[in-house]
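Biologist: I am new to this structure. Please take one part and look at it closely, then set it in the chain around it.

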Amino acid sequence: MLIGEVARRSGVSARMLRHYESLGLLRPSARTGTGYREYSGEDIRRIFHIESLRSLGLSLREIGRALDDPGFTPATLVGDLIVRTRERIAAETELLTRLQRIDGAGPASWEAVLQVVGLLQALGSKSADTRQRAALTSGDDAPVPKEALVEAALTETDPNVAGALRWALARSGEDVTALLAEGLRSPAAAVRERAVRCLAALTREDATTELRHALADAEPAVRGHAALALGTRGETRAIPVLIDMIVQGVRDTDAADALSTLASDSATAGQVAGLLVEHLGHVATPAAARGRLTQALAGIPGKTADGALAELSDDKDRAVALTAAYLVQLRASSG
């Protein structure tokens with residue numbers, strides 16, 4: 001069979017068949033009397049083998065080894081192909097994500113495109129200073145796409161950069177709550193903590209809703225950040241978590257301040273004081289925790305707190321008694 005017929009039947013161009021021959025991949029079995037290439041049935045099968053291996057992503061050199069080296073094992077090559085394909089897919093996916101983010105920023109000119117690209121690259125820099133500057137310079141002229149900002153905020157480990165990213169999210173004007181809520185569902189506690197801190201910087205009602213959900217998180221740090229944020233927003237459901245923070249000695253001063261803010265309402269003041277007293281009465285409450293709970297009563301107005309402090313002035317724990325007696329005198333003088 002001559003080269004033209006082979007090309008027609010195989011779908012491989014005559015030019016490509018000659019290229020295969022020049023590389024030694026294909027050797028026509030014979031020549032006609034006038035010197036034309038003549039291909040046998042075995043040659044045709046080899047052509048199809050070459051095309052099949054090309055479809056898997058093998059290079060022509062790898063195809064030559066696969067067809068001619070008896071010791072060449074397919075398992076190793078296929079494994080390498082899988083690794084290379086995954087790397088290529090990851091690179092293409094990263095490129096697609098970047099393009100989508102640039103498109104989402106709605107750049108009006110090529111200069112704006114370049115600004116967005118520069119900010120995206122800066123957010124991925126190994127330098128914390130560069131990442132922080134990128135977060136702080138995100139603005140109307142070159143806004144960082146919200147997906148990129150959220151992704152950066154949920155992965156950032158440097159506290160200064162993280163703070164700048166939370167600031168950028170809060171002023172972005174974008175609805176980022178849903179994206180941050182996805183972070184709250186992460187199996188990684190560190191990611192959930194970053195998400196809840198970002199949500200705490202947002203004043204939107206949907207952010208408050210997500211913070212309420214975070215009160216039930218298994219990680220104490222996540223619950224704590226949510227409770228502190230909700231306490232400043234007047235959310236009484238944060239009270240049990242805030243009291244637990246005081247008992248555990250985790251940001252107990254901040255928790256006491258949040259309880260004091262909540263207790264500005266008389267009904268809530270009685271509720272908070274009652275719960276503090278309840279924890280003071282638990283046999284299992286450590287002495288140090290009882291001291292912190294007593295101090296927390298100082299910021300709670302009302303008769304319930306007054307009565308509790310008066311009673312604690314005679315507590316068998318001298319440190320608690322002295323603290324309570326001092327607070328009683330302080331409240332009396334200020335009243």
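Modeller: What follows goes from the whole chain to its cores and then to two arginines.

This is a predicted model, where local features need pLDDT of at least 70, side-chain atom pairs count only at pLDDT 80 or more, and totals for chains, interfaces and linings use all residues. Residues are numbered from 1 along each chain as its sequence is written, and side-chain values use heavy atoms, with hydrogens and water left out.

Start with the overall build. The chain holds 19 helices and two strands. Both are DSSP runs numbered from the N terminus: helices are H or I of at least four residues, strands are E of at least two. The radius of gyration of the chain is 35 Å, whereas a compact globule of 335 residues would have one near 20 Å. That radius is taken over C-alpha atoms, and the globule rule is 2.2 Å times the number of residues to the power 0.38. The C-alpha atoms fill a box of roughly 120 × 50 × 30 Å along the principal axes.

Next, the inside. Of the 335 residues, 38% count as buried. Buried means under 20% relative accessible area, exposed over 50%, and partly exposed in between, with a 1.4 Å probe and protein chains only. The largest nonpolar core has 69 residues. Such a core is a set of buried Ala, Val, Leu, Ile, Met, Phe, Trp, Tyr and Cys residues joined through side-chain atoms within 4.5 Å. Helix α14 (residues 239-248) gives this core its largest share, seven residues. L276 is among the residues with the most contacts inside the core. Beyond its neighbours within four places in sequence, L276 is in contact with I243, L259, L293, A296, L297 and I300. Contact means heavy atoms within 4.5 Å. A second, separate core of 18 residues includes L17, L53, L58 and I63.

Now the close look: R292. This arginine sits in helix α17 (residues 287-297). R292 counts as partly exposed because its relative accessibility is 21%. Not counting residues up to four places away in sequence, R292 touches I246, V247, Q248, G249 and D252. The C-alpha atoms of R292 and T323 are 9.7 Å apart, with the two positions 31 residues apart along the chain.

R251 lies in the loop between α14 and α15 (252-262). R251 is partly exposed too, since its relative accessible area is 41%. Its phi is near 50 degrees, a positive value in a residue other than glycine. Most residues other than glycine have a negative phi.
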